[in-house]
Amino acid sequence: MRALLLSIIPTLIGGAALAQAGPGPAETFAEARAICETDGGALWGAPLCTPVLLVDPATRTVHTARRGDSDALKPEDGLFVGTLPETVNIANTAVDWDGVRWAMLIRPLPENPTERRALLAHEIWHGVQRDLGLPAGSPTPEHLSTTEGRVLMRLEWRALAAALRAADPAARDQAVADALAFRAARRTLTAQAGDQERQLEMNEGLAQYTGVRLSGGDAVAEALKGLALAEEQNSFVRNFAYFSGPPYGLLLDAAAPDWRRGLGAGDDLGALLAARTGAPAVEAPAAEARYDGVGIRVDEAQRAERARAVAAAWTAKLVDGPRLTLAFEDMNISFNPSTIVVLGGNGAVYPTLRVVDSWGVLEVTDGALIDPNWTRVTVAAPTSADGREGPGWTLRLNPDRMLEPGDRPGDFRLRAPRP
């Protein structure tokens, strides 16, 4: 079974977190325990008490407040310490390791307490989401790399911000109607657009909503802070839900505080909000002027010119040039969701990623292409005689696996295992 381990970048919402010291393990575990005890199951009808696993990415050293099922974690100064195996990717995510479902977080955590608690609550929620009947869907909505997709997403974000700031119900309902109109127009761009967006919002969007709700800060202010940063992101394809989820959740809180009860994997946050508010029907083109649609379109047209040059360079390297292709067999992957570049029918480029599979470990620092169906990963052809490294990547193949020439001159691929 393929597993998708999505690495959430600590600086996505909260500024330069990686440059700050952050709290020590004991303080972090106490903070996670306080989130669990303060919530008491009130938000989701289930305890948010996933044990936390803190990882130092440089050494793979882990700290926890409890043991696993084996002796991999040793007691030390009132905590438990060990080394994360190379076969487990490091990411801010939920992970099953040593017989325990953990909320894994990369050290250092944000120094700002509100941002740190939001990150903790986000990952702790991922630890229980499958028990809530909300699986971790993670498609790649490529329409969000198009100019029209980006324009309509930015318009929706601005309308959501207006709804959160609204001083009266009528103004709020108008802004909600505008947001839903932009959302509906965008979801006609491809046949899969609506479902792909919905899956990501019901995964990362709900996690980020939980984070802002349990951060200890002003949830509306935190959601608005995220929306202010959203339009600055280079890519919306995999990270839009971090910004959309909190405002939809908070607007639903105001309209129907029990909306989370009975929530299912097939639900859509926009549809839920539309059913619970007096939002009037609006046509997207008529609403654009309220959010400087002209300015957004000019900005996105200029960005599209720059993006075409970037995509052409990646195409030359990973599609047209000599390359190594590795078929996924039992894949586990981590990557940065804010840097993805879509190459149309060829798939999407992930500038950095780490893949663990039955054939070994691939670490990429300068571009890998994953096909649209998530069946293989491609990097530039090897530069080493044994095929274990190339421009911006290294490959640790298991002893029983080898590379062989591919279909084109200069190409390589993974040899199928012998029976």
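R60 is found in the loop between β2 and β3. The model is predicted, and in it phi of R60 is near 65°, a positive value in a residue other than glycine. The two strands on either side of this loop belong to an open sheet of 6 strands with mixed pairing. This briefing covers the sheet, the helices, the backbone exceptions and a pocket.

**Sheet layout**

- The strand order in the open sheet is β4-β5-β3-β2-β7-β6.
- The edges are held by β4 (74-76) and β6 (93-97); each has a single partner strand, so one side of each is left without a neighbour in the sheet.
- From one strand to the next, the twist averages 40°.
- At the β4 edge, β4 pairs with strand β5 (residues 79-83) in the antiparallel sense over 3 bridges, and E76 has L79 of β5 as its bridge partner.

**Helices packed on the sheet**

- Helix α2 (residues 25-39) packs on the sheet and touches β2 (52-55), β3 (61-64) and β5. The direction of α2 makes about 150° with that of β2.
- Helix α3 (residues 113-128) also packs on the sheet, where it touches β2, β6 and β7 (100-106). The direction of α3 makes about 155° with that of β7.

**Strand β2 and its partners**

- Strands of a sheet pair through backbone hydrogen bonds, either parallel or antiparallel.
- β2 and β7 run parallel and are joined by 4 bridges; L54 is the bridge partner of L105 in β7.
- β2 and β3 run antiparallel and are joined by 3 bridges; here V55 has V62 of β3 as its bridge partner.
- β2 and β3 form a hairpin, with 5 residues between them.
- In a regular strand the side chains alternate between the two faces of the sheet.
- In β2, V52 and L54 lie on one side and L53 and V55 on the other; all four are buried, and both faces of the strand are thus covered.

**Backbone exceptions**

- Most residues other than glycine have a negative phi, and most peptide bonds are trans.
- R60, in the turn of the β2-β3 hairpin, has a positive phi of about 65°. Its relative accessible area is 11%, so R60 is buried, the cut-off being under 20%.
- D98 has a positive phi of about 55° although it is not a glycine. D98 lies in the loop between β6 and β7 and, at 14% relative accessibility, counts as buried.
- The peptide bond from R107 to P108 is cis, with omega near 0°. P108 is found in the loop between β7 and α3.

**Helix α8**

- Helix α8 (residues 240-255) has 16 residues. From its first C-alpha to its last, α8 reaches 23 Å, close to the 22 Å expected at 1.5 Å a residue.
- Of the 16 residues of α8, 14 are buried, so the helix is largely enclosed by the rest of the structure.

**Second largest pocket**

- Rolling a probe the size of a water molecule over the atoms shows where empty space is left.
- The second largest pocket holds about 530 Å³ of space.
- Its lining consists of 26 residues, of which S145, R150, N234, R303 and A307 lie nearest the centre of the pocket.
- At least two lining residues come from each of α4 (147-165), α11 (293-320) and β10 (341-342).
- α11 supplies the largest share of the lining, 9 residues.

How values were computed:
Residues numbered from 1 in each chain as written. Predicted model: local features only at pLDDT ≥ 70, side-chain atom pairs only at ≥ 80, totals over all residues. Heavy atoms only, no water. Expected span 1.5 Å × (residues − 1). Buried < 20%, exposed > 50% of the residue type's maximum accessible area, 1.4 Å probe, protein only. Pairing = 2+ DSSP bridges. Axes fitted to C-alpha atoms, helices over the stretch in contact; angles between N-to-C directions. Contact = heavy atoms within 4.5 Å. 1 Å grid on protein atoms, 1.4 Å probe; cavity = no way out; pocket = protein on both sides within 12 Å on 5 of 7 lines; lining within 4 Å. Points joined across faces, edges and corners; volume = space filled by probe spheres on them.
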